[in-house]
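Please look through the structure shown here with attention to its aromatic rings and their surroundings. The report that follows takes these up before turning to a helix and to an annotated site.

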Amino acid sequence: MNNPMDSTDSLPDSHEELLAQALSGSAGPEGASISTDEPTVGDLDLSERNSLRRVYRHTTIHAEEQADGYEVEYRKLRLERVILVGVWTQGTLAEVEATMNELAALAETAGAEVVEMLYQRRDKPDSGTYVGSGKVEELRDTVAATGADTVICDGELNPGQLVALENALNTKVIDRTMLILDIFAQHAKSKEGKAQVSLAQMEYLITRVRGWGGNLSRQAGGRAGSNGGVGLRGPGETKIEADRRRLRADMARLRKELAAMKTSREVKRSRRSASLTPKIAIAGYTNAGKSSLINALTGAGVLVEDALFATLDPTTRKAQLADGRSIIFTDTVGFVRHLPTQLVEAFKSTLEEVLEADLMLHVVDGSDPFPLKQIQAVNHVIADIVRETGEQAPPEVIVVNKTDIADPLALAELRHVIEDAVFVSAATGEGIGELESRIELFLNTLDSHVILEIPFTRGEVVSRVHEFGTVLDEQYTDTGTRIDVRLPRRLAEELGEFEVISSLEE
């Protein structure tokens, strides 16, 4: 991260400057095309991402907007020295400290240096300034003493609280939602991911647009007989109204683009559904090690970073189990406590990949102080998606990751609380074999156990059986090839004409 003292000219001075990120329809720097040769794609992505963590500013002004007085400066949010503020309303001291540490990790992922963390014990956040008046004065002194550029509140501030805090502290104030949106904007790479982030930002900012003064209003017509006249002249469309109109137009455009992308994605999804290859989704809390796990299972070399929300665009990889069966793994975006509703809505189409899978691997960070809270947060988001789509969630296997750095006592407690969980370390490979065996056992429940006798003239059928089934025994008879095999039920029904013995489905 750059020295903040060397880049103070590039820091946003007020909340209004964040609006332009949504108005520009941009969700992050364009990713350069990279080769899939050595080093791995993940290594190159990580190198590119780190190279972009610098302060810079860029102005986007359209000619027609200059003509009518519409001018907004866009500055990419790159937090520097920040102070974190929280309100402790419930739970233990350890829980509130874990929440503040998570907020600090979010801030560092966005490119910030945390200089101070403050929290206040209250029954509920203050309706005017989020924290009490005494804490606001303490916070003002802390901002002056540390030279902080930004104050981040661990909650979603309403517009009134945002304005009151900025006026009282004379510095930029953002909330947890805005921070997460900025991280998503930095990390989105695909066209769809950028569009989803932009839409989420606009939905958040449209209720928080603030004007820059009445002198920027557009005058109504003043000629008699036209749309104005004596007694009818007025300010016309104000600056804030123009901003909101532009946001609504951009939101409508993005929704159209996402609808078109959804059609393309549904076509690809239908092709995968028609495929006989089992599909496994890897879901879980952010930074729980999902990408590391998919690398350990497939050797895919996808992006791995010790940061929150390192993966936004789903990654699909094909792998083979020990019994020779092919499966498809899909790495999905991670969840977090109090995930902004705008992001859940914008990424709903991406999260639906979880519901389309035959099996979901729910990855949990075993080294986290409160892993059960992670499980609750993930289950809450998945339940929302299930409720909105009306589909059913797939069977779940809980995978407790990072056992190499987790507290043994905490792992012992998890083994007692969570039944049938698999404990692994994607970094060392410990437990990966057990996880693959668990996956094989589950897939066996989706198969039919049959014995087929295939004529020698139907070699393509034998090849298909070997590709999609688990061959238990194979013999050659006078009439053809007799194969004792486990097959996906749909394929077993298609090959019913070759079936000679059918055992009970297991």
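Tyr 119 has a relative accessible area of 30% in this predicted model, and because that value falls between the cut-offs of 20% and 50%, the residue counts as partly exposed. Trp 88, by contrast, is buried, with a relative accessible area of 13%.

These two residues form the 1 aromatic pair that the structure holds. The ring centres of Trp 88 and Tyr 119 are 6.3 Å apart and the planes stand at 75°, so the pair is edge-to-face. The pair links distant parts of the chain, since Trp 88 belongs to strand β1 (residues 81–88) and Tyr 119 to strand β2 (residues 113–121), with their positions 31 residues apart in the numbering.

Charged side chains also sit over rings, as the table lists.

| Charged residue | Ring | Distance to ring centre |
|---|---|---|
| Arg 121 | Trp 88 | 4.2 Å |
| Arg 415 | Phe 423 | 4.0 Å |

Further along the chain, helix α15 (residues 432–445) has 14 residues and spans 21 Å from its first C-alpha to its last, which is close to the 20 Å expected at 1.5 Å a residue. Several residues of α15 are buried, including Ile 432, Leu 435, Ile 439 and Phe 442, and the charged-type name Glu 440 appears among them too.

Finally, the unreviewed UniProt entry carries the annotation "binding site" for Ser 291 and Thr 311. Ser 291 lies in helix α10 (residues 290–298), and it counts as buried at 10% relative accessibility, because this value is under 20%.

How values were computed:
Residues are numbered from 1 along each chain as its sequence is written. This is a predicted model: local features need pLDDT of at least 70, side-chain atom pairs count only at pLDDT 80 or more; totals for chains, interfaces and linings use all residues. Side-chain values use heavy atoms; hydrogens and water are left out. Rings of Phe, Tyr and Trp (its six-membered ring) pair if their centres lie within 6.5 Å; planes under 30 degrees apart count as stacked, over 60 as edge-to-face and the rest as tilted. Helices (H or I, at least four residues) and strands (E, at least two) are DSSP runs, numbered from the N terminus. Buried means under 20% relative accessible area, exposed over 50%, partly exposed in between (1.4 Å probe, protein chains only). A charge sits over a ring if NZ of Lys or CZ of Arg is within 6 Å of the ring centre and within 35 degrees of the ring normal. The expected span of a helix is 1.5 Å times one less than its number of residues. UniProt positions are given in the numbering used here, feature names are shortened, and annotations may be inferred rather than shown by experiment.
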